[in-house]
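This report describes a single protein chain, moving from one local site to the aromatic contacts and then to the chain as a whole. Please consult the sequence and the coordinates alongside the text.

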Amino acid sequence: IQSYELAAKMQPAAPEALDISKESDAMKAMYGIQEHRKVWPTEINPEEEADYMGRKCLAARRLLERGVRFVQIWSGNDNGFPRRNWDSHEDVERDHGPLAWGMAKAVSALILDLKQRGLLDETIILWTTEFGRMPSTQGGKGRDHNPYVFTNWLCGGGIKGGITHGSTDDFGYNAEVNKVSVHDLHATMLHCLGIDHTKL
């Protein structure tokens, strides 16, 4: 019942929370948002990816500062052609370059914005994926799925910065040193939230 009541209260507030039009031009520019742009190139490009991701990250900040406790942002979930997502079977350089640039622009703005507002210390940011890419080509410029190794990063919320944990073999094919499981990742986040994962 409490969840239903909370949802009922949040629903009328959602349009205002997600309306970025009241944000300053400087704030939108920091996130990579280009409201003056009406037409984008047909091929994947860094500026459009920053605009696309920046809108999501700015909306996330607006939700967090209003007390929303969990926000999930998707990056690169368009399966059109050319492929505008991280599942780059055709051309890793074409796809990952603009996606990475757009993500870096928008997410660094989110981190800075949360820090300036005093919200980063109480917000854990996790960047993760479901698999990595193989170190070898997939019959051309693409790469197939690699379920054996991929990268996560964490910041804010009590996470100690500047730490790299774990590494792969020389080819980036398999996790080799300090392997981390999903359970380890969950335990770390739960610890930062003050929850003893062994009691769940």
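Leaving aside neighbours within four places in sequence, G76 is in contact with R84, N85, W86 and L99. The model in which these contacts are found is a predicted one.

**The site around G76**

G76 belongs to the loop that runs between α3 (46-64) and β1 (77-78). Is this glycine buried or exposed? G76 counts as buried, because its relative accessibility is 11% and the cut-off for buried is under 20%. A further distance helps to place the residue: the C-alpha atom of G76 is separated by 9.3 Å from that of D95, and the two residues are 19 residues apart along the chain.

**Aromatic pairs and a cation over a ring**

One of the contacts of G76, W86, also takes part in the aromatic interactions. The structure holds three aromatic pairs. In one of them, W86 and W127 meet edge-to-face, with 6.3 Å from centre to centre and 75° between the planes. W86 lies in the loop between β2 (84-85) and α4 (92-116), whereas W127 is in strand β3 (residues 125-127), so this pair ties together parts that are 41 residues apart in sequence. W86 counts as partly exposed, at 24% relative accessibility.

Another pair consists of Y148 and Y173; it is classed as tilted because the ring centres are 5.4 Å apart and the planes stand at 50°. Y148 is found in the loop between β5 (145-146) and β6 (153-155), and Y173 in the loop between β7 (167-168) and β8 (175-177), so the pair ties together parts that are 25 residues apart in sequence. Y148 is partly exposed, with a relative accessible area of 45%, and Y173 is likewise partly exposed, with 34%.

What aromatic cluster does W86 form with other residues? W86, W127 and W153 form one aromatic cluster. Elsewhere in the chain, the charged end of R37 sits over the ring of W40, at 4.1 Å from the ring centre.

The accessibilities of the individual residues discussed in this report are collected below.

| Residue | Relative accessibility | Class |
|---|---|---|
| G76 | 11% | buried |
| W86 | 24% | partly exposed |
| Y148 | 45% | partly exposed |
| Y173 | 34% | partly exposed |
| N178 | 46% | partly exposed |

**Backbone at N178**

N178 lies in the loop between β8 and α5 (182-192). Its phi is near 50°, a positive value in a residue other than glycine. Most residues other than glycine have a negative phi. N178 is partly exposed, at 46% relative accessibility.

**The chain as a whole**

The secondary structure comes to five helices and eight strands. From the N terminus on, the order of the elements is α-α-α-β-β-α-β-β-β-β-β-β-α. The C-alpha atoms fill a box of roughly 50 × 50 × 35 Å along the principal axes.

Of the 200 residues in the chain, 34% are buried. Among contacts with a separation of 6 or more, 58% are between residues 24 or more positions apart. The accessible surface comes to about 13,100 Å², and 55% of this area belongs to carbon and sulfur atoms. The chain carries 23 positive and 28 negative charges, whose mean positions are 5 Å apart.

Technical notes. Residues are numbered from 1 along each chain as its sequence is written. This is a predicted model: local features need pLDDT of at least 70, side-chain atom pairs count only at pLDDT 80 or more; totals for chains, interfaces and linings use all residues. Side-chain values use heavy atoms; hydrogens and water are left out. Helices (H or I, at least four residues) and strands (E, at least two) are DSSP runs, numbered from the N terminus. Buried means under 20% relative accessible area, exposed over 50%, partly exposed in between (1.4 Å probe, protein chains only). Contact means heavy atoms within 4.5 Å. Accessible areas come from the Shrake-Rupley method with a 1.4 Å probe; for residues, only the protein chains shown count as cover. Lys and Arg count as positive and Asp and Glu as negative; His and the chain ends are not counted. The place of a charge is taken as NZ of Lys, CZ of Arg, CG of Asp or CD of Glu. Rings of Phe, Tyr and Trp (its six-membered ring) pair if their centres lie within 6.5 Å; planes under 30 degrees apart count as stacked, over 60 as edge-to-face and the rest as tilted. A charge sits over a ring if NZ of Lys or CZ of Arg is within 6 Å of the ring centre and within 35 degrees of the ring normal.
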